[in-house]
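The following explanation concerns aromatic rings and the groups that accompany them. Please consult the sequence and the structure as the text proceeds.

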Amino acid sequence: MRDLELPGRSPVHAPNAMASTSHPLSTQAAIRILMAGGNAMDAAIAACAVQCVVEPGSTGIGGDNFCLYAPQGGAEIIAFNGSGKAPKAANAAWYRERGYTEIPRDVHAVTVPGAVDAWCRLHADHGKLPLAEVLAPAIGYARDGFPISSRVHRDFAAEFDLISAEQSTADAYLIDGAVPAIGARLALPELAATLQKIAENGRDGFYAGDVADDMVSYLQSKGGLHTAEDFAAVKGDYVTPISAEYRDMTVWECPPNGQGVIALLLMKAMSRIRADLGKGPITADRIHYEIEACRMAYRARNLYLADPAFADVPVEALLSDAYAQSIVDAIDPARAGDPPKDIALPKHKDTVYITVVDSDRNACSFINTLFYGFGSGLTAPKSGVLLQNRGMGFTLEDGHPNVIEGGKRPLHTIIPGMATKDGKAVLSFGVMGGHYQAMGQAQFMSRHFDYGLDIQESMDAPRFMPDPFNGEVEMEATVPDAIQQDLRARGHRLVKPRAPVGGSQAIEIDWQRNLLTAGSDPRKDGCAIGY
């Protein structure tokens, strides 16, 4: 338990149901849906839709979605991949012929959004309430306006140049040409109308008709390769989740093209680092080992992860005990290793993560993304759809498994997590922050289960994230100076984070005591609420 005389927050406990998101209006929407008779899936979709309105720098309906779902809290985990694909006409040669050496953050980074298809499929298969009721809170905030919260204001300000560079985006998200002030009310009427069409017509309200026409014509006017056929063909997939044993639990992730396999690899590696290495998770020795393990695991990610429909991803080898042990054995306890010279990908960015557990113990681990803050910065003007830049997850390197191809999904960073024990779901969790997510999940799990920090303390603790290629380590200032000096002496190049390092939410299920316990990351504006 934390020192109650110091700033911070306690875990939230409730007997019946719980929701935890990165925005209070989103969490409240989830609770409203639960109390109206909806289940965890209804509530997660409702919360996500609200965040697509009130937290537009982090997520949107023009993005992608992944989900893990445990019906009635059982150990049979359902996984859904709602990530979009590159336009059919896209290929690496097209980019190289035009002088590109990497995917730029413009129209050519826009993959076809998969989120709305995922919401509609998951709702039809697992929801209870009508879709119109589930989307009503988001429609209301978009139509009537919502107040800009503190973290959201910071995210707007960080992307002001991007927002103001595109007229349709500036028209939607700036007030009199300026970033909305904290507490200012912003309405998004075009987005409200689009959400209403989805509420009435399901996926066809987005992938066909006026909304699809608006997105396609807008993208084509910017030189994009997107077609109406690309949008009409969007179809997410139920996939077989992957897992690994961690302590006395089984941890579940979505399979590639997501980086969940790397989160599992890091958990396996961290469980092989002595937990008594120092007096807690924030010691020079422990941090050094975690940084080095992360660098090696992310090197494997960037070499091997891709869309399994196009490449053979060695999931079994990556999750072998021998591979995890080889990572730990390769760490020099006294010195930072040299960063590898392999292909690099864009730095970690942001997204939103939502978790809900209902009174029947259905558990939903749900994540939605645009990738960078405000995605591509491109907003279809009539529909108000802000479009993602997930195509930057591809490479242009010939022969690489993650090279861009038509109809291919890029390497994806968003990874919902779930843990089971003795045939029941015991933890629904996730970490925001783009590329940080695999490292973040491993840090959260280690701090909670290896060191006994409670679910909230495990999120509050200082974070750090190494760049796998240039030797830099983004380290939060809350890591004590003496530890930072020790790490520098070992060869680590520590830098101040460009933004708060990720965010997280989690709900723990105690079946014996019929108790739900949740935490919500202080780096965001959100909260956990239960009843």
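Arg247 lies over the face of Tyr246, at 5.7 Å from the ring centre. In this predicted model, a lysine is found in such a position as well: Lys424 sits over the face of Trp511, at 4.3 Å from the centre of the ring.

From charges over rings, the account turns to rings paired with rings. Searching the whole structure yields 9 aromatic pairs. One of them joins Phe80 and Tyr238, whose ring centres are 4.9 Å apart and whose planes meet at 80°, so the pair is edge-to-face; the cut-off for this class is an angle over 60 degrees. The contact links distant parts of the chain, with Phe80 in strand 4 (residues 78-82) and Tyr238 in strand 7 (residues 237-239), 158 residues apart. As to solvent, Phe80 has a relative accessible area of 1% and is therefore buried. Tyr238, with a relative accessible area of 34%, is partly exposed.

A further edge-to-face pair is formed by Phe206 and Tyr207, at 4.8 Å centre to centre and with 75° between the planes. Phe206 counts as buried because its relative accessibility is 0%. Tyr207 has a relative accessibility of 3%, so this residue also counts as buried, the limit for that class being under 20%.

Aromatic residues can also be followed beyond a single pair. Trp94, Tyr95 and Tyr100 together form one aromatic cluster.

Technical notes. Residues are numbered from 1 along each chain as its sequence is written. This is a predicted model: local features need pLDDT of at least 70, side-chain atom pairs count only at pLDDT 80 or more; totals for chains, interfaces and linings use all residues. Side-chain values use heavy atoms; hydrogens and water are left out. Rings of Phe, Tyr and Trp (its six-membered ring) pair if their centres lie within 6.5 Å; planes under 30 degrees apart count as stacked, over 60 as edge-to-face and the rest as tilted. Helices (H or I, at least four residues) and strands (E, at least two) are DSSP runs, numbered from the N terminus. Buried means under 20% relative accessible area, exposed over 50%, partly exposed in between (1.4 Å probe, protein chains only). A charge sits over a ring if NZ of Lys or CZ of Arg is within 6 Å of the ring centre and within 35 degrees of the ring normal.
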